[in-house]
Amino acid sequence: MAQIATHPGLVTDVEQGKVIVKMQVLSACSTCAGHEKCAFVDKADKVVEVETTDWKHYSIGDEVTVSVNEGLGLYAVLLAYILPALIIVGAVIAISAATHSELAAALIPILLTVIYFAVLYLCRDKLQRKFTFGITKA
């Protein structure tokens, strides 16, 4: 069974078919007893669009809970960090061994990474359908 991650938020806008929610996201060290007085605690406001068929039931200012499948978070990390790192390391090793050119070993992995992220950008609609959020009133 898939684990579900939830986070409280506040509705900032309601449009046809979707609800815009603002959430305050804290860093992992926010669970520390001294996080209130620590200058290193990272707080950021994140805004997510939640597509829902009952968008009419939500109003600006409603407190809600946004949920997402935790497995999708791991998939996002794979796409955003792990695969690009593997592309860079693999290309540097392969090009260094094949050409013995430092310039090629430096520039081609960068080009391959740009191409990788361009492909991700072109597939953004398909990825957006995969990364869906759920919403419930708090």
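**Group meeting talk: a walk through a predicted model**

Hi everyone, let's start with one residue: Thr52 is buried, because its relative accessible area is 15% and the cut-off for buried is under 20%. Before I go on, please keep in mind that this is a predicted model.

So where does Thr52 sit? You'll find Thr52 in the loop between strand 3, residues 43-51, and strand 4, residues 63-69. Which residues does Thr52 touch, if we skip those up to four places away in sequence? They are Gly17, Lys18, Val19 and Ile135. The side chain of Thr52 also reaches the backbone nitrogen of Asp54, at 3.3 Å.

Now let's zoom out. The protein has three helices and five strands. If you read the elements from the N terminus on, the order is β-β-β-β-α-α-α-β. There are 138 residues in the protein, and buried residues make up 22% of them. Here is a number about contacts: among those with a separation of 6 or more, 70% are between residues 24 or more positions apart. As for the outside, the accessible surface comes to about 9,900 Å², and 63% of that belongs to carbon and sulfur atoms.

Next, have a look at helix 1, which covers residues 70-99. Tyr81 is found in this helix. Is Tyr81 buried or exposed? Tyr81 is exposed, because its relative accessible area is 60% and exposed means over 50%. Tyr81 is also part of a nonpolar surface patch of about 480 Å², together with Val77, Leu78, Ile82 and Leu86.

Let's follow the chain a little further. His100 is in the loop between helix 1 and helix 2, and helix 2 covers residues 102-122. What should we notice about the backbone here? Phi of His100 is near 60°, a positive value in a residue other than glycine. His100 counts as exposed too, because its relative accessibility is 69%.

My last stop is in helix 2, where we meet another threonine, Thr113. Thr113 is buried, since its relative accessible area is 13%. Which residues is Thr113 in contact with, leaving aside neighbours within four places in sequence? The answer is Pro84, Ile87 and Ile88.

To recap, we saw two buried threonines, Thr52 and Thr113, and two exposed residues, Tyr81 and His100. Try finding each one in the structure above. Thanks for listening!

Technical notes: Residues are numbered from 1 along each chain as its sequence is written. This is a predicted model: local features need pLDDT of at least 70, side-chain atom pairs count only at pLDDT 80 or more; totals for chains, interfaces and linings use all residues. Side-chain values use heavy atoms; hydrogens and water are left out. Helices (H or I, at least four residues) and strands (E, at least two) are DSSP runs, numbered from the N terminus. Buried means under 20% relative accessible area, exposed over 50%, partly exposed in between (1.4 Å probe, protein chains only). A polar contact is a pair of N or O atoms within 3.5 Å; within protein, one must be able to donate a hydrogen and the other to accept it, and residues adjacent in sequence count only if both atoms are side-chain atoms. Contact means heavy atoms within 4.5 Å. Patches are made of residues with over 30% relative accessible area and no salt bridge: like charges are joined within 9 Å, nonpolar side chains (Val, Leu, Ile, Met, Phe, Trp, Tyr) within 5 Å. Accessible areas come from the Shrake-Rupley method with a 1.4 Å probe; for residues, only the protein chains shown count as cover. A salt bridge is a side-chain nitrogen of Lys or Arg within 4 Å of a carboxyl oxygen of Asp or Glu.
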